[in-house]
Amino acid sequence: MDNRITILDTTLRDGTQGEGVSLTVEDKLKIAKRLDMLGISFIEGGWPGSNHKDAEFFIRARELNLQQARITAFGSTRRKNIPAEHDANLRQLLEIRVGTAAIFGKSWDFQVQTAIKTTLFENLNMIEDTVRFLKRSGIGVIYDAEHFFDGYKSNRAYAMSTIRKAYEAGADWIVLCDTNGGTLPHEIAAIVASVKEQLDCPLGIHAHNDCELAVANTIAAVMAGATQVQGTINGYGERCGNANLISVIPNLQLKLGLTVITAEQLAGLTSTARYVSEIANMHMPVNQPFAGHAAFAHKGGVHVSAILRDSSTYEHIAPGLVGNRQRVLVSELSGQSNLVFKAQELGLELEANDPNTKILIERVKELEHQGYQFDGADASLELLIRSVHGNLEEILTLESFKITVVKSVDQAILSEAVVKVKVHGESVYNAAEGNGPINALDNALRKCLMQHYPSLQTMHLSDYKVRVLDDKDGTATKVRVLIEFSDREETWSTVGVSENIIEASWQALCDSIRYALLDVKPALNKRAGGVKEAVGLVNH
């Protein structure tokens with residue numbers, strides 16, 4: 001097995017074929033730079049012959065100062081019965097002056113006769129002519145053998161003849177594609193090994209995730225001799241997606257000991273996954289392996305007690321190797337170890353036999369029984385721990401609020417909130433409009449506080465979620481609201497629960513403000529000497 005594995009990232013092409021994924025040219029340029037930082041060798045930027053956006057990307061990508069990645073264009077073999085030099089898509093590859101092209105062609109006799117409706121002989125000519133034309137033009141060729149595994153199982157001799165033609169014509173890589181994503185790992189391994197015996201050339205693997213086996217199939221192919229891996233960040237792609245490079249890369253490097261990227265680049269894996277999900281405006285699963293927020297999160301008390309002694313008891317790698325971190329969650333399943341660990345994270349001295357620890361455990365269990373959830377609300381949890389620990393000063397007390405929502409035939413809905421609170425014992429009254437009742441509440445509350453804390457203007461609401469806890473009571477049921485705020489430095493989440501969605505939102509909103517004013521965030525606290533504000537859930 002070759003110890004060096006080359007990565008081709010197709011997030012900007014195959015990834016954008018996934019439902020809900022849409023990238024502007026600016027988005028693609030940003031992601032390309034980040035992929036270069038990660039150590040990707042080939043960045044497949046799109047199909048310039050198919051749309052103007054991709055064509056523009058390749059023109060503007062020339063200005064990118066990439067350190068190692070090669071921008072690669074995607075295309076197909078020439079059309080049937082047309083010389084390669086007259087094919088418009090191939091001419092487009094020359095015009096954009098790209099150095100490498102990934103060209104796909106048919107490997108499955110069924111596809112040749114049904115999809116492109118030509119003869120098996122003409123398909124071989126299409127492959128050979130295309131590769132020779134591009135190589136004569138000075139372009140490196142990665143040949144993607146589309147539907148190869150299905151074709152190999154259907155007509156082994158013909159499937160082999162297609163990739164043999166491509167290699168003999170000068171292709172630099174032959175990439176075997178599980179295009180429909182239906183092949184199992186043991187089949188992948190056997191077929192790749194068989195191809196390796198019959199054709200002495202650099203092989204790659206391109207796996208789709210229709211059976212949720214794309215990562216496993218990719219690893220199986222590498223173990224059988226493939227030295228190029230194609231995939232996408234976070235597994236984006238058509239239907240069920242492509243092989244997720246965020247899982248493939250650390251598995252190859254940390255588990256198999258292969259060389260993929262540097263250790264420093266590997267430490268940027270988590271931040272890259274989250275960066276791309278933000279640019280693509282796609283929710284990143286909390287339990288995504290390696291890079292998810294919960295990938296190294298522990299809730300059960302027995303587990304936490306063990307990892308405090310040695311993290312390898314319940315972690316397969318050190319989280320820092322991929323740029324992630326260990327997290328301990330607090331819930332009704334928690335034991336003393338969870339709270340001790342959490343307190344240590346906050347820089348607080350809390351012993352397992354401290355009476356406050358038992359108070360905290362009972363309080364958490366009581367609140368979670370009411371519907372609160374602290375797994376995704378670390379800021380509310382921190383406020384609770386600090387309040388029971390006794391180092392918080394209450395600065396914000398609600399006196400009243402009123403919300404008015406007006407809708408007329410010829411005008412959009414208008415929301416206005418009037419808030420009256422005590423700030424350090426002083427009554428403050430303010431009103432504000434918003435594009436919804438919660439936004440209006442947020443605006444009015446911050447106007448009340450801005451005189452004391454002008455730096456609150458740097459924080460903004462970045463996510464708002466409502467969950468119905470039990471629908472048996474219809475519209476009178478309890479709801480849980482999770483609010484996420486961000487500033488220039490970090491992101492934090494808070495929780496509120498009530499039968500009234502406005503009340504639940506107010507709870508979470510107040511906790512967000514209180515957390516923002518903790519003295520551990522001095523950039524937001526302009527008062528001389530700092531304060532220790534926040535009461536949080538103890539007063540809900």
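Q: In this predicted model, which residues is Asn 324 in contact with, leaving aside its neighbours within four places in sequence?
A: Let's skip the neighbours within four places in sequence, as they don't count here. Contact means heavy atoms within 4.5 Å. With that cut-off, the partners of Asn 324 are Thr 270, Arg 274, Phe 290, Ala 291, Gly 292, Ala 295, Phe 296 and Pro 319.

Q: Where does Asn 324 lie, and is this residue buried or exposed?
A: Asn 324 sits in the loop between α13 (301-309) and β10 (327-328). Its relative accessible area is 9%. Buried means under 20%, so Asn 324, at 9%, counts as buried.

Q: Which side chain makes a polar contact with the side chain of Asn 324?
A: Go back to the contact list of Asn 324, which includes Arg 274. A polar contact needs a pair of N or O atoms within 3.5 Å. The side chains of Asn 324 and its partner make one at 3.4 Å, and that partner is Arg 274.

Q: What share of the residues in the protein is buried?
A: Let's zoom out to the whole chain, with its 18 helices and 16 strands. The protein has 540 residues. The buried share of them is 55%.

Q: Which two residues touch the most other members of the largest nonpolar core?
A: Nonpolar side chains tend to be buried together in soluble globular proteins. The largest nonpolar core here has 87 residues, and helix α1 (residues 25-38) gives the largest share, six residues. The two that touch the most other members are Phe 148 and Ile 163.

Q: How many residues are in the second, separate core?
A: This core is separate from the largest one. Among its members are Leu 383, Val 419, Val 428 and Ile 483. Its residue count is 36.

Q: How many strands does the closed barrel have, and is the pairing parallel or antiparallel?
A: Follow the barrel from β1 through β2-β3-β4-β5-β6-β7 to β8. From one strand to the next, the twist averages 25°. The barrel has eight strands, and their pairing is parallel.

Q: Which residue in β6 is the bridge partner of Asp 144?
A: Strand β5 (residues 140-146) pairs with strand β6 (residues 173-178) over four bridges, in the parallel sense. Asp 144 is matched with a residue in β6. That partner is Val 175.

Q: At about what angle does helix α10 run to β8?
A: Helix α10 (residues 245-255) lies across two strands, β1 (6-9) and β8 (228-231). Helix α8 (residues 185-198) also lies across two strands, β6 and β7 (203-207). For α10, the angle to β8 is about 155°.

Q: Which are the edge strands of the open sheet with the order β14-β15-β16?
A: This sheet has three strands with antiparallel pairing, and eight bridges join β15 (residues 479-486) to β16. An edge strand here pairs on one side only. The edge strands are β14 (460-468) and β16 (491-498).

Q: Which residue in the turn between β12 and β13 has a positive phi?
A: β12 (residues 411-423) and β13 (residues 426-434) pair in the antiparallel sense over nine bridges. They form a hairpin with two residues between them. The turn residue with a positive phi, about 55°, is His 424.

How values were computed
Residues numbered from 1 in each chain as written. Predicted model: local features only at pLDDT ≥ 70, side-chain atom pairs only at ≥ 80, totals over all residues. Heavy atoms only, no water. Buried < 20%, exposed > 50% of the residue type's maximum accessible area, 1.4 Å probe, protein only. Polar contact = N/O pair within 3.5 Å; in protein donor to acceptor, adjacent residues only side chain to side chain. Core = buried A, V, L, I, M, F, W, Y, C linked by side-chain atoms within 4.5 Å. Pairing = 2+ DSSP bridges. Axes fitted to C-alpha atoms, helices over the stretch in contact; angles between N-to-C directions.
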